[in-house]
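Trainee: I should like to study one part of this model closely. Could you please take me through the packing of a pair of helices and then through what surrounds them?

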Amino acid sequence: MYIRQRLGLEHDFETQVFRRGTHFFHLENWYSIHGLIRGTLRLLGLHDRGRRNAQRITVRRHEIALPNLPQAFDGCTLLHLSDLHLDINDTFVDTLLEAIAPLRYDICVLTGDYRARTFGRFDRVLAGLVRLRAQIRGPAFAILGNHDTLRLVPAMEAMGYRLLVNEFTCIARGDDRLYLAGVDDAHFYRLDNFHRAADEIPADAASVLLCHTPEAYRHAAHAGFDLMLCGHTHGGQICLPGGMPVLTDADSPRRFARGFWRHHDMIGYTSVGAGTSIIDVRLNCPPEVALHCLRSPATRPA
């Protein structure tokens with residue numbers, strides 16, 4: 001049922017700029033405006049600088065204290081990659097691989113959007129994913145974003161990615177457990193299913209959710225997750241001085257568009273992404289990969 005529903009929606013929505021209901025306007029599907037944006041930036045003298053900025057990936061390092069994290073997982077580090085859009089230009093994959101090559105981490109998590117367009121062929125995306133998986137050390141868990149087709153899943157799993165599509169997995173260290181869950185896109189397709197993804201996770205367990213967009217923050221918090229990792233917004237990508245986003249393309253508070261936030265007892269982190277969408281330009285919003293070092297309460301000073 002889910003597979004038929006997802007593929008049917010992909011077919012119905014693949015090139016729509018306007019759609020009834022939520023998210024009425026989809027700028028990423030309005031391809032005729034991409035040249036206009038690029039031309040405007042050229043007139044302003046910002047285009048070439050923005051393209052250079054998009055190739056300067058920042059590594060952000062964080063420590064995140066989770067109240068239920070077992071001592072065995074203290075120091076467990078997640079490499080968080082989001083919004084790669086691997087086929088947007090010919091040099092991005094090389095830049096990404098160079099950025100992550102020296103990093104140390106235990107698990108890699110990918111929060112969706114592997115291709116530039118929302119429909120069409122994805123051969124170049126698969127080629128980029130093969131190269132990326134060869135660079136990633138250890139396990140890699142991934143979810144789908146609003147740019148991704150369900151048809152990516154078999155190929156990605158054959159490469160060694162574990163796709164979490166409204167499901168969870170349990171990572172064991174001795175007798176201790178860390179639960180990692182992932183939901184389908186909650187922005188465009190709205191096929192995130194928290195009942196399937198979270199109901200069997202013990203209430204007192206340490207749990208991390210991968211969700212493409214921060215828009216599902218209410219459902220995630222009330223489902224009992226300790227940490228939600230997401231992306232989608234690109235932090236605005238083209239921002240005003242000071243990093244203020246012009247657009248975030250997300251039905252969530254603007255403070256959720258980048259970095260850390262909290263809703264009830266759940267910590268959230270929205271990556272600004274490593275790649276670019278619509279055009280390969282960034283202004284006042286550097287691309288990033290993030291290293292999240294998880295900390296147990298037992299390690300914190302009294």
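Mentor: In this predicted model, helices α5 and α6 are roughly parallel to each other, because angles under 35 degrees count as roughly parallel and their axes cross at roughly 25°. Helix α5 covers residues 123-135 and helix α6 covers residues 152-159. Two packed helices are described by the angle between their axes and the distance between the axes. For the distance, the axes of α5 and α6 come within 10 Å. The crossing of α5 and α6 is also right-handed.

The residues that make this contact can be listed for each helix. From α5 come V125, L126, L129, V130 and R133, while α6 contributes L152, A155, M156 and M159. Sorted by class, the contact contains 8 nonpolar residues, 1 charged residue and no polar ones. The spacing of such residues follows a general rule: an α-helix has 3.6 residues a turn, so residues three or four places apart point the same way.

Each of the two helices also leads to another part of the structure. Helix α6 lies across strands β4 (140-142) and β5, and runs at about 140° to β5. Helix α5, for its part, is among the elements against which the buried residues of helix α4 pack. The others are the strands β1 (58-65), β2 (77-81) and β14 (288-295).

Helix α4, residues 92-100, is largely enclosed by the rest of the structure, because 7 of its 9 residues are buried. These buried residues are F92, V93, T95, L96, L97, A99 and I100. Strand β14 is likewise largely enclosed by the rest of the structure, since 7 of its 8 residues are buried.

The strands just named belong to a sheet. Six strands form this open sheet with mixed pairing, in the order β1-β14-β2-β3-β4-β5. Its edge strands are β1 and β5 (161-163), each of which pairs on one side only. From one strand to the next, the twist averages 25°.

Within this sheet, β14 has two partners with opposite directions of pairing. With β1 it pairs in the parallel sense over 8 bridges; T58 stands opposite E288 of β14, and A65 stands opposite R295 of β14. With β2 the pairing of β14 is antiparallel and extends over 4 bridges, and L79 has L291 of β14 as its bridge partner.

A second sheet completes the account. It is open, contains 6 strands in the order β6-β7-β8-β9-β13-β12, and its pairing is mixed. At its edges stand β6 (167-173) and β12 (259-263), each with a single partner strand, so one side of each is left without a neighbour in the sheet. Here the twist averages 20° from one strand to the next. Strand β12 is joined by 5 bridges to β13 (residues 266-270), and these two strands run antiparallel. In this pair, W261 stands opposite G268 of β13.

Notes:
Residues numbered from 1 in each chain as written. Predicted model: local features only at pLDDT ≥ 70, side-chain atom pairs only at ≥ 80, totals over all residues. Heavy atoms only, no water. Pairing = 2+ DSSP bridges. Axes fitted to C-alpha atoms, helices over the stretch in contact; angles between N-to-C directions. Parallel < 35°, antiparallel > 145°, perpendicular 65-115°, else oblique. Left-handed = near helix turned anticlockwise from the far one by under 90°. Contact = heavy atoms within 4.5 Å. Nonpolar A, V, L, I, M, F, W, Y, C, P; charged D, E, K, R; others polar. Buried < 20%, exposed > 50% of the residue type's maximum accessible area, 1.4 Å probe, protein only.
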